[in-house]
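Hi,

Here is the structure I promised to send over. Have a look at it first, and then read on for my notes.

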Amino acid sequence: MSARIPASLDAFATEKLNALEAKNQRRRLVSSARTDGMAMRVEGGPELISFTDNDYLGLSTHPEVIEAAREATSRFGAGAGASRLVTGNHPLYAALEESLARIKGTEDACVFGSGYLANVGIIPTLVGAGDLIIADELVHTCIHAGMQLSKATVRFFRHSDVAHVRDILQAERASFGRALIVVDGVYSMDGDIAPLKELGALAADYDTWLMNDDAHALGTIGSGRGSAHACDAAHLVPLQMGTLSKAVGSYGGYLAASEPVVDLMRTRARSFIYTTGLPPAAVGAAIKALELIENDAELVARPTRLAQGFAAALNLPRPETPIVPLVIGTESDALAASAALAEQGFKVIAFRPPTVAEGTSRLRFSFSASHRDADVDRLIETCRALGLGGNA
Ligand SMILES: *Cc1c(COP(=O)(O)O)cnc(C)c1O
């Protein structure tokens with residue numbers, strides 16, 4: 001007589017997992033503890049130097065950033081207690097939004113719970129059924145989620161192919177109401193920068209709004225101000241979105257835009273309204289980190305400089321960002337190269353399909369201001385000894 005949970009639930013989960021396991025697509029978490037600087041340990045294993053995370057400036061472990069988080073917690077508590085429109089809008093938010101707007105050169109900015117939440121909130125607030133989104137084929141997964149939620153018609157263009165965007169606009173723009181072009185400012189798998197100047201000019205010609213996702217660009221390029229500034233196109237990109245979880249070293253997402261656009265987000269974006277405010281510690285840390293980014297040009301320049309030195313030593317194309325892809329080819333060769341680097345004390349993840357195209361499995365090295373010159377020198381020697389590098 002007592003009601004029972006249907007057995008079909010666990011059966012479904014188990015069957016699904018088994019099918020994924022058979023395709024080598026089951027994922028497992030390992031606990032990885034950061035030790036000092038870019039050093040880390042995976043499940044009690046030996047210490048590895050990470051060339052794989054997104055903490056481009058080492059700010060997540062910067063003493064002043066940690067202290068700012070501590071102080072914010074002491075003053076305002078461990079949690080926000082409510083959504084921002086209710087009582088969760090602690091005083092630190094205003095300072096953070098002001099500093100984001102200043103860095104991005106926009107009238108205003110609003111902070112979301114994460115970059116993911118920002119994209120699923122911003123896009124459906126701007127476009128809907130009867131509108132058009134034109135997106136680079138390589139945009140981040142959470143942009144896909146935002147586009148789906150919006151119910152707008154989505155067209156993809158070949159990666160960074162401006163002529164393809166023009167073709168789509170010419171053929172289709174007139175059939176839709178509002179139109180949005182969405183790109184990543186920096187693409188995480190190759191470290192290349194979107195052609196924002198060309199896209200911005202095109203968008204203006206077709207009454208279309210350009211949005212960049214600057215997750216990998218804030219704090220790393222354009223003197224730390226991101227991809228629109230690096231491309232000298234800030235005046236052409238009205239929607240600069242990004243995250244506080246990569247170079248900023250904290251947590252949260254944002255949109256920097258004009259006052260009316262930001263006010264519309266605060267009024268209508270569901271992922272802004274119906275979720276709790278960030279913990280004060282995350283906001284306090286981000287404020288301090290942005291202050292360091294604004295005032296320390298050497299800090300901001302270092303990861304890209306390290307990446308360029310590494311690439312030059314291994315005959316790889318010169319990177320403009322802290323990201324250096326080393327395409328290996330097959331999945332098993334890429335995994336073997338990653339394992340060989342781990343043997344030598346380096347954590348470098350192998351990216352495989354579907355994250356990257358078939359036959360282009362790769363190591364992706366990301367450089368941080370916290371890497372010591374000696375770490376990079378030893379990485380270069382190790383790659384050479386393993387026969388990893390370009391043949392230019
Ligand atoms: C990491 C990332 C996000 C997600 O940001 P979170 O703050 O981690 O949710 C969004 N877009 C891009 C391009 C990213 O790389």
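In which loop is Asn-315 found? Asn-315 sits in the loop between H13 and strand S11 (323-329). Before I go further, keep in mind that this is a predicted model.

I started with Asn-315 for its backbone: phi is positive there, about 55 degrees, although the residue is not a glycine. Most residues other than glycine have a negative phi, and most peptide bonds are trans. As for its surroundings, Asn-315 has 40% relative accessibility, so it counts as partly exposed. Asp-232 is another case, a non-glycine with a positive phi of about 55 degrees. You'll find Asp-232 in the loop between helix H9 (227-230) and strand S9 (239-243). With 53% relative accessibility, Asp-232 counts as exposed.

While you're looking at the backbone, check Pro-353 and Pro-354 too: the peptide bond joining them is cis, with omega at about 5 degrees. Pro-354 belongs to the loop between strand S13 (350-351) and S14.

Now the aromatics. I count five aromatic pairs. Take Phe-310 and Phe-365: the ring centres are 4.7 Å apart and the planes are at 50 degrees, so this pair is tilted. The two rings come from distant parts of the chain, with Phe-310 in helix H13 (residues 297-313) and Phe-365 in strand S14 (residues 361-366), 55 residues apart. Both Phe-310 and Phe-365 are buried.

Phe-310 also pairs with Phe-367, again in a tilted arrangement, at 5.1 Å centre to centre and 50 degrees between the planes. Since Phe-310 is in helix H13 and Phe-367 is in the loop between S14 and helix H15 (373-385), the pair ties together parts that are 57 residues apart in sequence. Phe-310 has 0% relative accessibility, and Phe-367 is buried with a relative accessible area of 0%. Stepping back, ring pairs join Phe-51, Phe-310, Phe-346, Phe-365 and Phe-367 into a cluster.

One more ring to look at is Tyr-93: Arg-84 lies over its face, 3.7 Å from the ring centre.

Next, helix packing. The axes of helix H7 (residues 162-172) and helix H8 (residues 196-205) come within 10 Å and cross at roughly 10 degrees. That angle is under 35 degrees, so H7 is roughly parallel to H8. On the H7 side the contact is made by Val-162, Val-165, Arg-166 and Leu-169, and on the H8 side by Glu-198, Leu-199 and Leu-202. By class, the H7 contact with H8 has five nonpolar, no polar and two charged residues.

What about H5 and H10: at roughly what angle do their axes cross? For helix H5 (residues 115-126) and helix H10 (residues 259-268) the crossing is at roughly 105 degrees, and the axes come within 10 Å. That makes H5 roughly perpendicular to H10. Here Ile-122, Thr-125 and Leu-126 of H5 meet Leu-264, Met-265 and Arg-268 of H10. The contact of H5 with H10 divides into four nonpolar, one polar and one charged residues.

Finally, a spot for orientation: Gly-81, in the loop between helix H2 (63-76) and helix H3 (84-88). Gly-81 counts as exposed, at 71% relative accessibility. From its C-alpha atom to that of Leu-386 the separation is 52 Å, and the two residues are 305 residues apart along the chain.

Cheers

Terms used
Residues are numbered from 1 along each chain as its sequence is written. This is a predicted model: local features need pLDDT of at least 70, side-chain atom pairs count only at pLDDT 80 or more; totals for chains, interfaces and linings use all residues. Side-chain values use heavy atoms; hydrogens and water are left out. Rings of Phe, Tyr and Trp (its six-membered ring) pair if their centres lie within 6.5 Å; planes under 30 degrees apart count as stacked, over 60 as edge-to-face and the rest as tilted. Helices (H or I, at least four residues) and strands (E, at least two) are DSSP runs, numbered from the N terminus. Buried means under 20% relative accessible area, exposed over 50%, partly exposed in between (1.4 Å probe, protein chains only). A charge sits over a ring if NZ of Lys or CZ of Arg is within 6 Å of the ring centre and within 35 degrees of the ring normal. Axes are lines fitted to C-alpha atoms, for helices over the stretch in contact, and angles run from 0 to 180 degrees between N-to-C directions. Angles under 35 degrees count as roughly parallel, over 145 as roughly antiparallel, 65 to 115 as roughly perpendicular and the rest as oblique. Contact means heavy atoms within 4.5 Å. Ala, Val, Leu, Ile, Met, Phe, Trp, Tyr, Cys and Pro count as nonpolar, Asp, Glu, Lys and Arg as charged, and the others, Gly among them, as polar.
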